[in-house]
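Good morning, and thank you for making time on the agenda. I would like to take you through the strands of one sheet region and one helix packing; please have the model open.

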Amino acid sequence: MTTQDGTTSTAFANFNQQELEALAQDVRQRYEDLKARNLSLDLTRGKPSSEQLDLSNALLSLPGEGNYKDAKGVDLRNYGGLQGIEEIRQLWGNVLGVDVANIVAADSSSLNIMFDLISFAYIWGTNDSERPWKDEEHVKWLCPTPGYDRHFAITEHFGFELVTVPMTPEGPDMDVVEELVKDPQVKGMWSVPIYGNPTGAIYSRETIDRLASMETAAKDFRIVWDNAYAIHTLTGNFPENPNVIEIAAEKGNPNRFWYMSSTSKITFAGAGVAFFASSEGNLEWWGKHASIRGIGPNKINQLAHARFFGDEQGVYNQMKSLAGSLEPKFAAVIRILHERLGEYGVAQWTEPEGGYFISMDVLGGSATRVWELAKEAGITLTKAGSAFPHGQDPEDRNIRLAPSLPPLEEVETAMDGVATCVLLACLEGVGALQ
């Protein structure tokens with residue numbers, strides 16, 4: 001974390017009035033020049049770029065005509081196989097360090113699986129529930145923030161009360177979590193444990209152990225372990241990825257984790273393979289409902305992915321190729337933030353070693369104004385506050401930056417413009433612009 005002081009009381013503290021006025025005039029002119037360029041740039045969602053997607057084009061010809069049987073000779077063109085084909089389950093189990101017996105392979109979206117899990121628990125209850133969650137007097141869900149807006153939207157959609165938990169560089173503040181789970185109405189928590197969205201934080205082993213072992217008042221408490229970025233390195237080094245299913249079982253809470261993963265940002269975002277890993281009891285419960293919901297996943301696509309990767313080393317090689325496309329964009333964002341904002345003390349930002357996002361905090365009360373100024377200048381950012389439940393950042397400070405989609409030149413142009421908008425909004429905030 002870059003730790004420039006982001007408080008109003010110290011921003012521009014070293015400038016006298018004449019210097020502050022000169023800076024304000026320069027920034028105002030930069031902003032007018034920015035608007036005059038009639039830009040149309042997008043740093044919103046973390047979509048893969050065409051360059052990244054091209055790295056998986058071989059999938060378009062796989063598994064190939066006449067290649068439609070799995071290793072056991074089963075014809076994958078037909079119905080069935082709810083758990084997915086064993087080849088891709090074994091391959092991904094090796095990548096995650098999870099036993100193949102604990103993992104199922106589904107269609108392309110892990111978000112769909114997460115929505116299903118919440119739906120099943122809401123309608124029928126989990127395998128540990130006394131009653132369906134819809135019959136509870138009140139349901140609360142823990143939301144580490146800044147966090148993933150689409151996670152929050154799911155539990156908001158079901159009417160759960162979203163309870164914020166502060167994020168630290170080592171994961172959610174566990175003192176806060178352990179206190180909150182004493183409430184039997186708290187049924188679960190969202191988690192992005194490696195290269196978190198949007199901060200890039202990695203849960204420490206201590207955090208994981210405490211999550212796995214903590215006592216919860218709700219017997220059916222669940223942690224959605226959305227390990228979407230487990231291997232999304234920017235450096236070529238892959239972080240440790242503890243097997244939380246095994247750890248939780250050792251701690252006496254075998255059903256605690258609903259573990260997600262996918263190839264969505266590894267191959268084709270709209271045509272990948274999603275995975276759900278959990279305890280035997282949780283998978284049996286899921287299958288009881290999922291087998292009614294559908295007959296089976298796209299097994300031909302799963303076979304294509306198994307052939308494309310070959311083995312886990314093939315997955316790691318793919319990730320290193322993707323890092324070659326992504327790392328220069330992240331480096332450009334961080335370089336420009338340092339060059340344009342570093343001396344002014346008006347922002348702080350993460351410098352992740354992986355994942356898809358950079359989290360930036362500006363002066364309190366300024367984030368929405370930054371977003372508005374950028375939009376007016378033709379630069380679309382994720383709306384300020386999106387990384388908080390209900391899209392409401394109580395301090396109006398946080399902005400999520402997603403540099404993956406645009407070409408590098410556009411990322412540089414957009415971030416130079418964003419820096420101008422940050423300075424302008426913060427100068428307005430301290431009364432330097434009249």
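**Strand 7 and its neighbours**

Within strand 7, Val224 is the bridge partner of Trp190. Strand 6, residues 186-191, pairs with strand 7 in the parallel sense over 4 bridges; two strands count as paired if DSSP finds at least two bridges between them. Between these two strands the chain passes through helix 7, residues 205-213, and this β-α-β crossover is right-handed. By that term I mean that, with the strands pointing away from the viewer, the path from the first strand over the helix to the second runs clockwise.

Before I continue, a word on conventions. This is a predicted model, in which local features need pLDDT of at least 70 and side-chain atom pairs count only at pLDDT 80 or more, while totals for chains, interfaces and linings use all residues. Residues are numbered from 1 along each chain as its sequence is written, and side-chain values use heavy atoms, with hydrogens and water left out. Helices (H or I, at least four residues) and strands (E, at least two) are DSSP runs, numbered from the N terminus.

How is strand 7 placed, buried or exposed? In strand 7, residues 222-226, 5 of the 5 residues are buried, so the strand is largely enclosed by the rest of the structure. Buried means under 20% relative accessible area, with a 1.4 Å probe and protein chains only. Arg222, Val224 and Asp226 point one way from strand 7, and Ile223 and Trp225 point the other way.

Strand 7 also runs parallel to strand 8, joined by 4 bridges, and here Trp225 stands opposite Tyr259. Together with helix 8, residues 244-250, these two strands make a right-handed β-α-β unit.

Strand 8, residues 257-262, in turn pairs with strand 9 in the antiparallel sense over 4 bridges. Tyr259 stands opposite Ala277 of strand 9, and Ala277 is also the bridge partner of Ile103. The pairing of strand 2, residues 103-105, with strand 9 is antiparallel, over 3 bridges.

I turn now to the helices. Helix 4, residues 110-124, and helix 9, residues 280-293, pack at an angle of about 100°, with their axes 11 Å apart. Helix 4 is therefore roughly perpendicular to helix 9, a term covering angles of 65 to 115 degrees. Among the residues making the contact (heavy atoms within 4.5 Å) are Phe120 and Trp124 of helix 4 and Trp285 and Trp286 of helix 9.

Terms used
Axes fitted to C-alpha atoms, helices over the stretch in contact; angles between N-to-C directions. Parallel < 35°, antiparallel > 145°, perpendicular 65-115°, else oblique. Buried < 20%, exposed > 50% of the residue type's maximum accessible area, 1.4 Å probe, protein only.
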